[in-house]
Amino acid sequence: MSTLSGKTALVTGASRGIGRASALALAGAGAQVLVHYGRAANEAEAVVSEIRKAGGRAEALAADLAAPDAPHKLARDVRAIVGERLDILVANAGISKAAKIEDTTLEDFDRLFAVNVRAPFFLVQQLLPILGQGGSVIFVSSVVARAVVGQLYAYAATKGAIDTLVKYFAAALGERGIRINAVAPGVVDTDMSNFTKTEAGRNAALGMQALKRIAGPNDIAGVVAFLASDEARWITGDTIRVDGGSKL
Ligand SMILES: NC(=O)c1ccc[n+]([C@@H]2O[C@H](COP(=O)([O-])OP(=O)(O)OC[C@H]3O[C@@H](n4cnc5c(N)ncnc54)[C@H](OP(=O)(O)O)[C@@H]3O)[C@@H](O)[C@H]2O)c1
């Protein structure tokens with residue numbers, strides 16, 4: 001299916017995990033994809049090669065989203081490639097850290113909010129001039145924003161902030177024809193997820209899910225591609241749970 005042919009997309013954190021799968025899904029649907037990465041240049045180039053081999057268009061773009069000026073720089077680089085029109089932004093890049101309340105440091109707290117909240121906020125701001133009618137922004141939230149899972153206090157708060165921004169941005173940008181949504185995965189087997197690395201972790205994940213298997217990045221990417229497409233044209237301001245029925 002080429003539901004996104006002629007569209008341009010930026011996926012942050014597309015070198016690995018959910019971002020990589022989303023970039024491949026958008027490219028598979030026909031979009032030209034800008035594959036953003038932080039440090040994993042080789043992995044990002046591998047995603048670009050995979051897209052090109054399948055006949056698609058892709059470029060890799062680096063930016064450390066913990067840096068205050070990174071969204072501005074990334075937006076400039078995006079404009080240099082796509083010109084005056086970006087159709088899809090998947091703000092996926094993120095970091096997580098579990099810690100007891102007593103052990104959470106200021107440095108960890110600030111870094112979590114810098115990468116997971118400040119960067120996507122200012123990336124939307126900086127890309128607004130080239131996001132227009134029919135544009136779709138997809139944030140990546142998490143089940144932990146609405147249900148308590150482990151000791152993820154600061155991380156969970158970043159995802160709560162994302163769910164709030166989804167509503168505020170959607171309300172503000174609807175009149176420009178831009179839709180803003182989020183997907184909220186449960187446990188997904190990626191480098192980030194401790195839950196999938198041990199039997200105890202996997203059992204804990206399965207114990208809180210209605211569906212009894214561990215999700216892979218593709219389970220999330222299909223919903224990202226759907227939200228980016230015209231099929232989702234009447235959905236905005238929503239955070240869609242994509243979590244196998246976690247913590248029902
Ligand atoms: N895995 C889960 O169970 C799960 C569940 C719910 C929500 N999520 C959310 O899903 C999103 C993707 O997570 P994932 O599991 O796919 O994680 P992952 O495999 O660890 O990948 C994280 C991606 O984010 C990028 N990134 C991290 N810090 C960055 C920085 N400072 N600057 C630029 N890029 C940075 C990484 O780029 P480089 O490697 O190039 O540095 C990488 O591409 C995150 O927002 C996460 O919170 C994950």
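**Exercise 1. Burial and overall dimensions**

Task: State what share of the residues in the protein is buried, and decide whether its radius of gyration agrees or disagrees with that of a compact globule.

Solution. Step 1: In this predicted model, buried residues make up 49% of the 248 residues. Step 2: For a chain of 248 residues, a compact globule would have a radius of gyration near 18 Å. Step 3: The protein has 17 Å, so the value agrees with that of a compact globule. Step 4: The C-alpha trace spans about 45 × 35 × 35 Å along the principal axes. Step 5: The accessible surface comes to about 11800 Å², and carbon and sulfur atoms account for 53% of this area.

**Exercise 2. Order of helices and strands**

Task: Determine how many helices and strands the protein has, and in which pattern they follow one another.

Solution. Step 1: The count is seven helices and seven strands. Step 2: Along the sequence, the pattern reads β-α-β-α-β-α-β-α-β-α-β-α-α-β. Step 3: Among contacts with a separation of 6 or more, 72% involve residues 24 or more positions apart.

**Exercise 3. The largest nonpolar core**

Task: Identify which residues of the largest nonpolar core touch the most other members, and which elements supply at least two residues of this core.

Solution. Step 1: The largest nonpolar core has 33 residues, of which Leu10, Val78, Leu127, Phe139 and Ile180 touch the most other members. Step 2: At least two residues each are supplied by helix 3 (70-82), helix 4 (106-127) and helix 5 (153-173), and likewise by strand 4 (86-91), strand 5 (131-140) and strand 6 (179-185). Step 3: Helix 5 provides the largest share, six residues. Step 4: Apart from neighbours within four places in sequence, Phe139 is in contact with ten residues' worth of partners listed here: Ala91, Pro120, Val124, Ile162, Val166, Phe169, Ile180, Asn181, Ala182 and Val183. Step 5: A second, separate core of 32 residues includes Ala14, Ala23, Val33 and Ile51. Step 6: In soluble globular proteins, nonpolar side chains tend to be buried together.

**Exercise 4. Three residues classified**

Task: Decide whether Ile138, Leu165 and Thr190 are buried or exposed, and list the contacts of each residue.

Solution. Step 1: A residue is classed as buried when its relative accessible area is under 20%. Step 2: Ile138 lies in strand 5 and has 0% relative accessibility, so Ile138 counts as buried. Beyond four places in sequence, Ile138 is in contact with Ile88, Leu89, Val90, Ala91, Asn181, Val183, Val224, Leu227 and Ala228. Step 3: Leu165 belongs to helix 5; its relative accessibility is 13%, and therefore Leu165 is buried. Its contacts, with neighbours within four places left aside, are Val117, Phe121 and Ala170. Step 4: Thr190 is located in the loop between strand 6 and helix 6 (199-208). Its relative accessible area is 14%, so Thr190 is buried as well. Not counting residues up to four places away, Thr190 touches Gly17, Ile18, Thr196, Lys197 and Pro217.

**Exercise 5. Distances and charges**

Task: Find how far apart the C-alpha atoms of Leu165 and Phe121 are, and how many positive and negative side chains the protein has.

Solution. Step 1: Leu165 and Phe121 are 44 residues apart along the chain, and their C-alpha atoms are separated by 8.0 Å. Step 2: The protein has 27 positive and 24 negative side chains. Step 3: The centres of these two sets lie 2 Å apart.

Note on methods:
Residues are numbered from 1 along each chain as its sequence is written. This is a predicted model: local features need pLDDT of at least 70, side-chain atom pairs count only at pLDDT 80 or more; totals for chains, interfaces and linings use all residues. Side-chain values use heavy atoms; hydrogens and water are left out. Helices (H or I, at least four residues) and strands (E, at least two) are DSSP runs, numbered from the N terminus. The radius of gyration is taken over C-alpha atoms; the globule rule is 2.2 Å times the number of residues to the power 0.38. Buried means under 20% relative accessible area, exposed over 50%, partly exposed in between (1.4 Å probe, protein chains only). Contact means heavy atoms within 4.5 Å. Accessible areas come from the Shrake-Rupley method with a 1.4 Å probe; for residues, only the protein chains shown count as cover. Lys and Arg count as positive and Asp and Glu as negative; His and the chain ends are not counted. The place of a charge is taken as NZ of Lys, CZ of Arg, CG of Asp or CD of Glu. A nonpolar core is a set of buried Ala, Val, Leu, Ile, Met, Phe, Trp, Tyr and Cys residues joined through side-chain atoms within 4.5 Å.
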